[in-house]
Every structure is written in structure tokens, then in C-alpha cells.
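Visitor: Got a minute for a structure? I'd like to go through some charged pairs and then one serine.
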Amino acid sequence: MNDTALAARSDRPARPRSSKPNGQWKVDGTEPLNANEAWKQEDGGLSVRERIETIYSRHGFESIDPTDLHGRFRWWGLYTQRKPGIDGGKTATLEPEELEDRYFMMRVRIDGGALTTEQLRVIGGISRDFARGSADITDRQNIQLHWVEIENVPEIWRRLEAVGLHTTEACGDVPRVILGSPVAGISVDEILDPTPQIREIADRYIGDESFANLPRKYKTAITGHPSQDVVHEINDFALVGVVHPELGAGYDLWVGGGLSTSAHLAVRLGTFVEPSRAAEVWAGVTSIFRDYGYRRLRNRARLKYLVADWGAEKFREVLETEYLTEPLPDGPAPETPTTPGDHVGVHAQKDGRFYVGATPTVGRVSGDVLLGLADLIEAHGSQRLRTTPHQKIVVLDVEQERVDSLVKGLEELGLYANPSPWRRSTIACTGIEYCKLAIVDTKDTATAAVAELEKRFAPAGNAGTDAENSANELLKPLTLHVNGCPNSCARIQTADIGLKGQLLPDGDGGQTPGFQVHLGGGLASETRSEAGTGRTVRGLKVTADDLPDYVERVTRRFLAERTDENQSFAEWALAAEEEALQ
């Protein structure tokens, strides 16, 4: 451990004798209180890269030290994937080594979602050569590959780093990828371009030992766009573009958001952050987490629990008095968004060109799709694209006369710029196909549900009812999020319809894949002024096979019972009687 991290040992306030230590470095000292904290101090996660390159890649999977495999590998974006054929009912009963395969998921870190076609082509080539053609766009703007063998990891790193990409701290108890507005620097209506701040934070601090041993994962989001397009309310640290009446364009600071099994929405500190101080403030908040975060119990080790215990006022006081060079001025809150934040469709750029947002189906692409996309973008005169926090892609810098051709080419690749509401607004986590925590399938289940719902709500021409013919327009805001376990990687608590994977009785003494239903959640958007985590209804569960039937039933009930055409699904679901939601 370096001197910066160990500085927390000195001048710490006394802890009441009656309370158990929480592993807060500035309160309890740095003595590890569990095995996970012990190995992080003995030999941090960043150190394992040398062993991967010089030992494990040469001698194979069997040579990997167990602590490296299940711990330090995460600091380099590597998790063992789930062994095929293991039933979801065994997820909680088997040990990690019984669930895991000898293959890895590798997460390519893409800060701000910014990619060039050269970088995209390299990722596509890696997928083709080393990952059986697999590739998923995540809801944190990364690209995940599967079936990676340890023997090939050094070559994959070499290819990525040759074009400015990497997997450093893509997983682990570290600062994860920095979410950034997918339209940063090009949008006609953006408040400010966050790209310089994202780059400064990433360049200065990612891979820095000072922040390589945090209590748990630490998620960052920065946007200057009025649509608030980086899901800031569910990040540990977030900056949202605002205009200060005296100081001009800058950021509103939010801290302590996170979902998992205990959803906490981030809180505003009421401060204004000038762009020149963004990196300093980020380092200050991150240092609070490092020094005061709870380390004894991992299920209490996220920043959201510290923020909940301290409150915004104390958090701001500690930040300003212990970690910043000077206090922050008070600042305004962001205004309610008026446009969608997924950026799907064709939109004008500030330079007269256009950007085109397109959606794959639940984030699932492939190496061939990525390679074809790189060729398509270049053939239309551009070399830039972005991934989004909604499992989408955005192609930048397209001349107006080339837009229609690009849209057609994207659709041929399975990327839709004019998708149905269901294809546009459905996301899914990795699920049981690869994830060791999952209980049920997600990607295939969600894909099948999207296809079926598109059929059921397809416009029927003159023969159809008014509700059928207008459903696509009415349902544009409706979101469907499918998660394979309780951990909410697919953000089930902030969806109109959120589905938490679990096994349900099949009526014959066995079990079948299904979901607990969560309704009426959402983040600040053009349809709601502030975030909320919605509701559950006791006993409301649906099998995977019955998923399209349930979604159709509750959606048609909404269309029939809404108070007016401006009422959103979430507003209706939060107010509806339980019987209407069954």
C-alpha cells in the first residue's frame, strides 16, 4: 500500500467503544477485517498483470493462483464465466470453482463510450479470433467478450493498447468506467462538453495505486447534455451539466447512487463544480470513499451506505474541509429533461452534420457485426461512434445526404435507428448463459419477448383498432428491463417494467425460470421530473414462458385505463390498484 492510501492511519477520530469497527480507515485504522481486505493490502489487484503475462498465459489455466483468479483478475477486466449446463437452482449452492469454466469474460473499458472505427475494428477482430465471435454492448458503455482463454490475454492486451484501448480497472474494487454523454461535443443543445473532464480523470487516476484499493466498486457518470443521458442517479459520483447564474456552465454534483439488492438514488450536494475543478472534486469524493467507506462487510461497502448514514450536509462538509483546496459554491439543480436520453434516431449536430443512434437487441452484437459496423461507418464518411448507457450505439459526423443509406445499412446489421418501442426500450443483463450469479436466462428470453410483443402491437392498418394503430406512439417511453438475478445490473428498480430473475414453482413439483415483477420505476427523463424506484406487488411473478402475455396484458390495461394521453406508464402503475397490475 502506498503512502497516500496509508495516510488515513493518522489523526483519525476515536470510535465509540461500544460499536463494532466498520473497517473505515480514518476511524478504525487499516488493519484488514476480512480475507478480501487482507489480500488487497498484501498484493493489490494491479500487480497480477505481470503474472498473467509471464506465468499464467504460458502455463495455462491450472497454473493460476486461486486468489488471483477470483480476486485480482477483476482489476484487469477478467471474470471466469459460468460453466455451460449448470441449472439456475444451483447458483446459490455451488462454490465458485464448481460454477466457473476455464474461459473468461473480458470487459473492454470505454470511458465516455468514445470509439474510433479503428478501435471498433480491433475489438471485432479480437472477438473473431479469441472470443468465438461474442460481443455485448453493456449498459455502462463497455463491450464484453466471452470465451477468452488465459493463453490469449497478452495478445489481446497488445492489440487493444496499440489503438488506445485497455481493460485496466474494468472490474474490481476500483473506479470503473466513466459514463459520458454519447453526444458530447456535437449536440446542438448541450450545456457543455464533458470530454476534457472525462479524459483528465481517466488519464490521471485510472491505474493509479492511490485509488486501486477501494472498499467496493465505484461508478462515475458525467454529462453536459440536458437529457441527463448517463443515468446519474444510480452512480457513486456524478456531474450533471447546469448553468450557474454568475459562474456560467458547469456541473451539479451527485453522490451515493447504486441499485443491486438495496436501491439508493444519488443525492445532490447542492454544489456547483466548475469544469476546471471536476478532477479535484472527483478525487475528493473518491478519497472519502477510500478513507471512510465501510470495509468490514462487503454487502455494506458501497458509497451509498456511507452517504445514507452521513447525509448530504455532512458529506459536503467533509469533502470541502478535508479533501478540497477551497469550498464549492452553491449551485442550481438540473432542469427536467425534455428529450429522450438514449439518442436513438437521426439528429442534427452543431456543425451541420448528423448523428444516428441505433439499437441492437438487448445489447447483443458479435464480432462480425462490429467489423461490419466499422466498414459501414467509414463508407459513410465518418470514423467516430459512441456506445451509450442504454446498450445502444451512436454514429457521429454523417453528412445529410448519407443518412438514409447509413440507416439502411445499420438495419442490415441488426442495428435499428427506427425501432419499435419494445426493441428500443428493452435491456437485459448477461444472464445465466455466462454469469455465475445468474438464476435465469435473460438475453434470449428478452429477445423472444421483444419479437412477440412487436407482433402483438404491430399496426394493423385500417382493420385494426385505434389502440393497436397508435400503440407504438403511446408506448415510446415504456421501458422493459430483464435481470437474471437480484443484483440489478439491468436496473430493474428504475424501469417501467423491471424483471428480477428467480425460479418459480412449475405446478408439478419442480421449478421453472421466471421473474418477480417491479413496476413504475424510472430515472429523470422527458416523462418524469425525478427518479423513483417504483413498486412491487406481493406475489406478482411471471414465468419466462408467460412473459409476453403478462407484458401485453398490463400494457393494454394501461392504454385502456390511463387518465389521458399524457399519463405515463409509471404514473399509472404507481397509482393503480394491485388487481390492475396482475
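Visitor: Is Arg268 buried, partly exposed or exposed?
Guide: Arg268 is partly exposed, at 29% relative accessibility. Keep in mind that this is a predicted model.

Visitor: Which residue does Arg268 form a salt bridge with?
Guide: Asp252, with the closest N and O atoms 2.7 Å apart. Arg268 sits in strand β10 (residues 267-273) and Asp252 in strand β9 (residues 248-255), so the pair ties together parts 16 residues apart in sequence.

Visitor: And Asp252, buried or exposed?
Guide: Buried, with a relative accessible area of 0%.

Visitor: How many salt bridges are there in the whole structure?
Guide: A full search finds 40. One of them joins Arg121 and Glu378, at 3.0 Å from N to O. That pair links distant parts of the chain, 257 residues apart: Arg121 is in helix α7 (residues 117-130), Glu378 in helix α12 (residues 367-379).

Visitor: How accessible are those two?
Guide: Arg121 is partly exposed at 28%. Glu378 is partly exposed too, at 33%.

Visitor: What about Arg109, which partner does it have?
Guide: Asp111, in a salt bridge with N and O 2.9 Å apart. Arg109 is buried at 2% relative accessibility, and Asp111 is buried at 18%.

Visitor: Switching topic. Where is Ser57?
Guide: In helix α4 (residues 48-59). Ser57 counts as buried because its relative accessibility is 11%, under the 20% cut-off.

Visitor: What lies 2.8 Å from a polar atom of its side chain?
Guide: The backbone oxygen of Ile52. Leaving out residues up to four places away in sequence, Ser57 touches Ile52, Ile150, Glu151 and Pro154.

Definitions and conventions:
Residues are numbered from 1 along each chain as its sequence is written. This is a predicted model: local features need pLDDT of at least 70, side-chain atom pairs count only at pLDDT 80 or more; totals for chains, interfaces and linings use all residues. Side-chain values use heavy atoms; hydrogens and water are left out. Helices (H or I, at least four residues) and strands (E, at least two) are DSSP runs, numbered from the N terminus. Buried means under 20% relative accessible area, exposed over 50%, partly exposed in between (1.4 Å probe, protein chains only). A polar contact is a pair of N or O atoms within 3.5 Å; within protein, one must be able to donate a hydrogen and the other to accept it, and residues adjacent in sequence count only if both atoms are side-chain atoms. Contact means heavy atoms within 4.5 Å. A salt bridge is a side-chain nitrogen of Lys or Arg within 4 Å of a carboxyl oxygen of Asp or Glu.
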